[in-house]
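Here's a quick walk through one fold, starting from a single side chain and working outwards. Have the viewer open as you read.

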Amino acid sequence: MRAAIAILGLLALGGCAAEAPIEEPTMYVNMAAPGARLDPQAAASMISLYRQNNGLGSVAIDPDLMKLAEAQSLAMASHNKLDHDVKAPLAQRLTTSGYPATLAVENVSAGYHTLAEAFSGWRDSPPHRANMLKNGVTKLGIAASYAPNTKYKVFWTMIMAASEPR
């Protein structure tokens, strides 16, 4: 009788475990899929931890930088071109938008399908790494745009900045 109850209990627990969905960490979401959404908070956490491990302060999501990053990624995707200046140089885009940057850096890339891949690519590239580890930046905007009929499929933009109080 005890054995039967124990087996039923294990089967019940096994059934519960089988029903629980396994969620994929947002850093591994495939951005080369229709409707995929980048998790900017996960990006800010990842980059902040990387900065903290290198003796620097964290960065926080800035809605205005998010809009600028999205516009840059969409422009690269629509032109099928990886280029910082596809619309205009970063300084001009910041000025035109009215963003009060006192310091700003930008990483762009294309072809990475996940946030983890984009981060690793930037970390392993000396100029991109230097931007992620720029002293004094406190704010972040990041975007990934999917363009299925292009060479790279996914275009990434990350802007980090410091700004004057508004």
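Let's start with a pair of side chains: Asn 107 and Asn 131 are joined by a polar contact of 2.8 Å. Keep in mind that this is a predicted model. Asn 107 also has a polar side-chain atom 3.2 Å from the backbone oxygen of His 128. Here are those two, along with a capping distance that comes up again further down:

| Side chain | Partner | Distance |
|---|---|---|
| Asn 107, polar atom | Asn 131, side chain | 2.8 Å |
| Asn 107, polar atom | His 128, backbone oxygen | 3.2 Å |
| Asp 62, oxygen | Asp 64, backbone nitrogen | 2.9 Å |

Is Asn 107 buried or exposed? Asn 107 counts as buried, because its relative accessibility is 0% and the cut-off for buried is under 20%. Once neighbours within four places in sequence are set aside, the residues in contact with Asn 107 are His 84, Trp 122, His 128, Asn 131, Met 132, Trp 156, Thr 157 and Met 158.

**The sheet around it**

Asn 107 sits in strand β2. Four strands make up an open sheet with mixed pairing, in the order β1-β3-β4-β2. β1 and β2 are the edge strands with a single partner each, so each has one side without a neighbour in the sheet. For β2, the antiparallel pairing with β4 takes in nine bridges. One of the bridge pairs is Ala 110 with Phe 155 of β4.

Helices pack here too. Helix α5, residues 115-123, touches β2, β3 and β4 as it packs on the sheet, and its direction makes about 65° with that of β4. α4 lies across β2 and β4, and runs at about 120° to β2.

**Over to helix α3**

α3 covers residues 63-79, 17 in number, and spans 24 Å from first C-alpha to last, close to the 24 Å expected at 1.5 Å a residue. At its N-terminal end, Asp 62 acts as the cap, with a side-chain oxygen 2.9 Å from the backbone nitrogen of Asp 64. Just past the other end, Asn 80 adopts a positive phi of about 50°.

Which residues of α3 are buried? They are Leu 65, Met 66, Leu 68, Ala 69, Gln 72, Ser 73, Ala 75, Met 76 and Ala 77. An α-helix has 3.6 residues a turn, so residues three or four places apart point the same way. The cover over the buried residues of α3 includes the helices α2 (40-53) and α4 (90-97), plus strands β1 (60-61), β2 (101-110), β3 (139-146) and β4 (154-163).

How values were computed:
Residues are numbered from 1 along each chain as its sequence is written. This is a predicted model: local features need pLDDT of at least 70, side-chain atom pairs count only at pLDDT 80 or more; totals for chains, interfaces and linings use all residues. Side-chain values use heavy atoms; hydrogens and water are left out. Helices (H or I, at least four residues) and strands (E, at least two) are DSSP runs, numbered from the N terminus. The expected span of a helix is 1.5 Å times one less than its number of residues. Buried means under 20% relative accessible area, exposed over 50%, partly exposed in between (1.4 Å probe, protein chains only). Contact means heavy atoms within 4.5 Å. A polar contact is a pair of N or O atoms within 3.5 Å; within protein, one must be able to donate a hydrogen and the other to accept it, and residues adjacent in sequence count only if both atoms are side-chain atoms. Two strands pair if DSSP finds at least two bridges between them. Axes are lines fitted to C-alpha atoms, for helices over the stretch in contact, and angles run from 0 to 180 degrees between N-to-C directions.
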